[in-house]
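User: Please take a close look at a single part of this protein, the main sheet and the strands inside it. I would like one connected account that starts from the overall burial and works inward.

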Amino acid sequence: MSEANILQDGHLEIKEHSLTKYLIFKRLCEGLKFIENKFNYTIFDCFAGSGKCILKETGEFKDCCILIARKTLKDETQIYGIEKHPKVFSKLKYYMKNYPNVYLYNDDCNKIIPYFETLIKKDKFIKPYPKLFILDSWAFESKWDTLNYLSKQPRVDLLINFNVFNFHRNWNSSFNNPSWNVKKLEEFIGHSKEGIFEKFEEKGKVPPTRQCVEYYIDRIKNELNYEYVGGMLIRQKIKGGPLYYWIFASHHIVPTKIIRDIMCKIYFGSRKEGNGISIKNRDIYYPINKFIIDDYCGYKKGRLCNFNDDYF
Ligand SMILES: C[S@@+](CC[C@H](N)C(=O)[O-])C[C@H]1O[C@@H](n2cnc3c(N)ncnc32)[C@H](O)[C@@H]1O
């Protein structure tokens, strides 16, 4: 199973859980618009997709992140999109054609990002900072080397899809068939297989979701030197299985606080039987320098439990 599929005509097909990802992103764009006098972001969507995608459950068209960004941010904000798949790219071009300040590249983002600025500076003005790079790949297509390069650039924030479902699947495969997909896992994590296994307590066993994300977030903090890193878990809609974390990394507290609060509101605010989470509790349980919003507080029988302080 993958997070999204490419249909014959080039549209991406998504499932309902992706709507949560889009909602977080839309709210983030609204937040960035609010602070744009201080932080005037340029957006780079490195796994841009088809512009609009199709919701599997209903057949409806939904805006992908790049279109959400274009519709939400002010027209002057420059938006760069990279998409590797030619058919998906042609849909992307089609849906974005009437919008201002959108620049699209049909390429492999890992290849072009390191010389991206030289490439685009030739004919366009690109603001030096801050920049938000969206790395929304579903099967580890974004590479650690790319993240490492970006982390060395001034004022680059990252929004990353850490697919814990695929992490587990690759993990199983690497044990059962050591030559299969280990390289992909290593390139994504930026660590040798042995180095990865070393980190987990019960070697050889699939590590729990929470340990996987802690490990990845700690790498972003310690190896890439991002001061503020955090994210929220997105689950399958019906069975509730963990799919991926939407992770944000920044050198600046303001945008991080914005996305942390958006995630808390989306995660806790909508629980019917819960009371949401107070602002004071947010800072205690989800400190801005490292926050992981999932149901560590308990996930029972396919339903989210009430938020409960006793679990922490
Ligand atoms: C999870 S989908 C992106 C969804 C999109 N961000 C959205 O908002 O719906 C990943 C996309 O990245 C593309 N892709 C995969 N590897 C890539 C690469 N190395 N460089 C650029 N695009 C890539 C895939 O064709 C696919 O369209």
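Analyst: Of the 312 residues in the protein, 40% are buried. The model is a predicted one. Its secondary structure comprises twelve helices and 14 strands. Among contacts with a separation of 6 or more, 68% join residues that are 24 or more positions apart.

Eight of the strands form an open sheet with mixed pairing, and their order is β7-β6-β3-β8-β9-β11-β10-β12. The edges are taken by β7 (102-105) and β12 (290-293); each has a single partner strand, so one side of each lacks a neighbour in the sheet. From one strand to the next the twist averages 15 degrees.

Within this sheet, strand β9 covers residues 156-162. Seven of its seven residues are buried, so β9 is largely enclosed by the rest of the structure. In a regular strand, side chains alternate between the two faces of the sheet. In β9, V156, L158, I160 and F162 point one way, while D157, L159 and N161 point the other way. Both sets are buried, the second one including D157 and N161.

The two neighbours of β9 in the sheet order are β8 and β11. Strands of a sheet pair through backbone hydrogen bonds, in either a parallel or an antiparallel sense. With β8 (residues 131-135) the pairing of β9 is parallel and runs over five bridges. Here I134 is placed opposite L159 of β9. The connection between these two strands involves helix α6 (residues 144-151): β8, α6 and β9 make a right-handed β-α-β unit. With β11 (residues 242-250), β9 pairs in the antiparallel sense, again over five bridges. L158 of β9 stands opposite A249 of β11 on that side.

Towards the β7 edge, a further parallel pair is found. Strand β6 (residues 79-82) pairs with β7 over four bridges in the parallel sense. Two opposed positions can be named: I79 stands opposite V102 of β7, and G81 stands opposite L104 of β7. Helix α3 (residues 86-96) takes part with these strands in a right-handed β-α-β unit, made of β6, α3 and β7. Helix α2 (residues 65-72) lies across β3 (42-45), β6, β7 and β8, and runs at about 170 degrees to β6.

On the other side of β11 in the sheet order comes β10. This strand spans residues 228-235 and contains I234. With 24 other C-beta atoms within 10 Å, I234 counts as buried, because the cut-off is 20 or more. Leaving aside neighbours within four places in sequence, I234 is in contact with H17, T20, K21, L243, Y244 and W246. Of these contacts, L243, Y244 and W246 fall within the residue range of β11. K21 lies 213 residues from I234 along the chain, yet the C-alpha atoms of the two are separated by 7.5 Å.

The ligand has 21 residues around it, and those that come nearest are F47, G49, C64, C65 and K84. C65 belongs to the range given for helix α2. By type, the shell divides into eleven nonpolar, four polar and six charged residues.

Conventions
Residues numbered from 1 in each chain as written. Predicted model: local features only at pLDDT ≥ 70, side-chain atom pairs only at ≥ 80, totals over all residues. Near = placed C-beta within 6 Å. Nonpolar A, V, L, I, M, F, W, Y, C, P; charged D, E, K, R; others polar. Buried ≥ 20, exposed ≤ 12 C-beta atoms within 10 Å, placed from the backbone. Contact = placed C-beta atoms within 7 Å. Pairing = 2+ DSSP bridges. Right-handed = clockwise from strand over helix to strand, strands pointing away. Axes fitted to C-alpha atoms, helices over the stretch in contact; angles between N-to-C directions.
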